[in-house]
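User: I am new to this structure and would like a close look at a single part of it. Please take one residue and its contacts, and then place it beside the main fold.

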Amino acid sequence: MTKARKTPEQLRSHRWYGVDDLRSFGHRSRTAQMGYTASDYMGKPVIAIVNTWSEINPCHSHFKERAEEVKRGIWQAGGFPVEMPVMTLSEPFQKPTTMLYRNFLAMEVEEVLRSYPFDGAVLMGGCDKTTPGLLMGAFSMDLPTIYLPAGPMLRGNWNGRVLGSGTDTWKYAAELKAGKITNMEWKSIETGIARSAGHCMTMGTASTMTSAAEALGLTLPGFSSIPAVDSRHAQYASLTGKRIVEMVWEDLKPSDFLTDKSFDNAITTVLALGGSTNSIVHLIALARRAGLTLTLDRFDELARRTPVLANIRPAGEFLMEDFYYAGGLSALMAELEDLVDTTQRTVNGMSVGENIRDAQIYNDAVIRRRSNPLVEHDGLAVLRGNLAPDGAVIKPPAMESHLKLHTGPAIVFRDYNDMAARIDDPKLPVTAESVIVLQNAGPVGAPGMPEWGQLPIPEKLLKAGVRDMVRISDARMSGTSYGACVLHVSPESFVGGPLALVRDGDLIELDVAARRLSLLVSEEELARRKAAWTAPKPRFARGYGVLNQLHVLQADKGCDFDFLEEPPREQAASTADPEIH
């Protein structure tokens with residue numbers, strides 16, 4: 001049903017600016033203090049430009065310019081733009097992990113939108129956790145919202161070879177360790193792998209989540225594929241500013257178009273992209289913020305039918321710049337048309353089907369046809385068993401196929417520091433058949449579930465030619481990573497999950513086809529170990545870390561805070577909005 005357009009008196013900002021009382025006098029006089037007149041904002045949508053720019057976030061280094069282009073669009077459409085800086089989550093720099101602070105950003109966005117006189121919001125993000133963090137907060141507040149993706153950086157280059165961020169870092173780091181390249185060559189790679197503004201141009205978490213945002217209907221169609229420094233990215237920023245003003249008048253909010261089928265579209269798109277395993281955690285959290293139910297099992301169900309069509313590293317050959325020139329996300333979704341629900345609405349007021357109707361593939365080596373997929377199905381797989389009763393995940397296209405059915409003895413590291421100290425010890429009793437296990441790397445234990453899941457292969461095995469082996473942890477791994485890495489084991493070891501009970505030499509069986517991860521130890525022995533297990537000391541004694549360790553949910557629930565999730569829609573009350581006194 002089409003809503004009636006809002007009148008100026010129905011704008012949320014009218015409660016701050018339009019009322020004839022002392023409080024509104026203060027709001028208007030202080031706005032005048034900043035150089036604006038009443039004609040700039042009175043009776044107009046007030047739009048928050050929520051900007052994650054900072055001088056330590058290289059992925060967003062162009063956001064100062066993009067914010068001005070958004071403002072231009074807002075002014076042209078008759079709105080009043082207000083740029084609001086929020087916490088930056090810079091994947092390359094923030095320790096121990098940006099994931100620890102994703103919920104912090106979500107809380108800040110929700111409260112910024114709730115407590116100021118905003119009628120709508122443009123969310124500016126792209127670097128891995130900024131996309132889910134921004135969207136989680138915006139979903140909870142549920143104002144008219146549109147997302148502006150940062151866009152991928154340009155291809156890397158080293159001596160005529162194309163480099164992909166992250167993926168080729170891990171690849172050549174292993175080659176350096178194995179003595180296959182020199183330190184001078186390694187330094188040359190360092191200076192050529194990231195050479196423009198924008199997020200990772202591989203199908204890492206950044207490109208996966210900005211694409212998922214578009215598939216959910218939260219960006220202008222085609223925006224997520226545009227390279228950050230392409231002039232069309234600036235044009236779309238201005239168009240985004242124009243569109244959010246219209247969305248406010250239409251009162252088009254996330255809750256008006258996000259459905260279970262929207263999330264199925266996003267999952268199917270992520271799977272066809274060969275997307276990051278991190279998307280599972282983030283999409284579950286986003287769905288739960290929207291009052292919808294999304295489980296690990298739904299990812300596995302959709303993976304069984306969805307082909308991988310995007311030939312992009314780490315699972316494929318090309319990079320995001322190539323993907324854009326090949327037709328971008330709209331072309332990929334058009335090729336998936338019978339697997340997505342094309343009736344779902346999007347922020348531009350049109351359906352998915354209308355948005356992709358004229359999309360074409362221009363290079364089917366990059367975006368494969370359905371008749372020639374990169375992988376027929378199972379871009380992701382959800383594993384269960386006595387080692388992961390609440391689930392674990394793996395990315396089969398990124399692993400050596402002979403490891404998809406494997407049994408081997410465990411080599412256990414109690415935490416990251418233990419692993420770093422011993423992994424390259426020549427005396428470590430490890431072979432190519434071993435299963436490397438890292439404990440205490442989950443949401444509470446690490447803390448923050450860092451991207452440690454691509455556990456290093458011991459140096460002596462690298463020198464012997466080994467490039468993949470089964471590795472298991474309750475951590476995540478970068479979407480740019482690859483290998484036979486079992487991730488997100490739930491519940492995590494730090495809170496007493498079965499992973500905490502693994503001992504050196506225990507046999508572990510991985511069976512990807514059967515979706516099984518088994519610790520081949522008797523139930524009686526596991527019960528004895530569990531009874532003897534002692535909970536580790538808490539990681540934090542004060543501050544935000546305490547909030548995380550008390551309230552963060554496990555990976556299969558999306559790692560949100562338990563007090564921030566929305567109840568299911570049928571049980572939900574109206575969104576709280578502060579009274580203006």
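Analyst: In this predicted model, the backbone oxygen of Arg-114 lies 2.5 Å from a polar atom of the Arg-12 side chain. The side chain of Arg-12 also reaches a backbone oxygen of Tyr-116, at 2.8 Å. Both distances fall within the 3.5 Å cut-off for a polar contact between N or O atoms. Arg-12 itself is found in the segment before helix 1, a helix that covers residues 14–17. The relative accessible area of Arg-12 is 7%, so this residue counts as buried, the limit being under 20%.

Next comes the sheet. It is an open sheet of 4 strands, arranged in the order 2-1-3-4, and the pairing is parallel. At its edges are strand 2 (80–85) and strand 4 (145–149), each of which pairs on one side only. From one strand to the next, the twist averages 20 degrees.

One pairing can be followed in detail. Strand 1, made of residues 46–51, pairs with strand 2 in the parallel sense over 6 bridges. Within strand 2, Met-84 is the residue that stands opposite Val-50. Helix 6, residues 130–141, packs on the sheet and touches strand 1, strand 3 (120–125) and strand 4. The direction of helix 6 makes about 165 degrees with that of strand 3.

To return to the residue chosen at the start: Arg-12 is buried, and its side chain has the backbone oxygen of Arg-114 at 2.5 Å and that of Tyr-116 at 2.8 Å.

Conventions: Residues numbered from 1 in each chain as written. Predicted model: local features only at pLDDT ≥ 70, side-chain atom pairs only at ≥ 80, totals over all residues. Heavy atoms only, no water. Pairing = 2+ DSSP bridges. Helix = DSSP H or I, 4+ residues; strand = E, 2+ residues; numbered from the N terminus. Axes fitted to C-alpha atoms, helices over the stretch in contact; angles between N-to-C directions. Contact = heavy atoms within 4.5 Å. Buried < 20%, exposed > 50% of the residue type's maximum accessible area, 1.4 Å probe, protein only. Polar contact = N/O pair within 3.5 Å; in protein donor to acceptor, adjacent residues only side chain to side chain.
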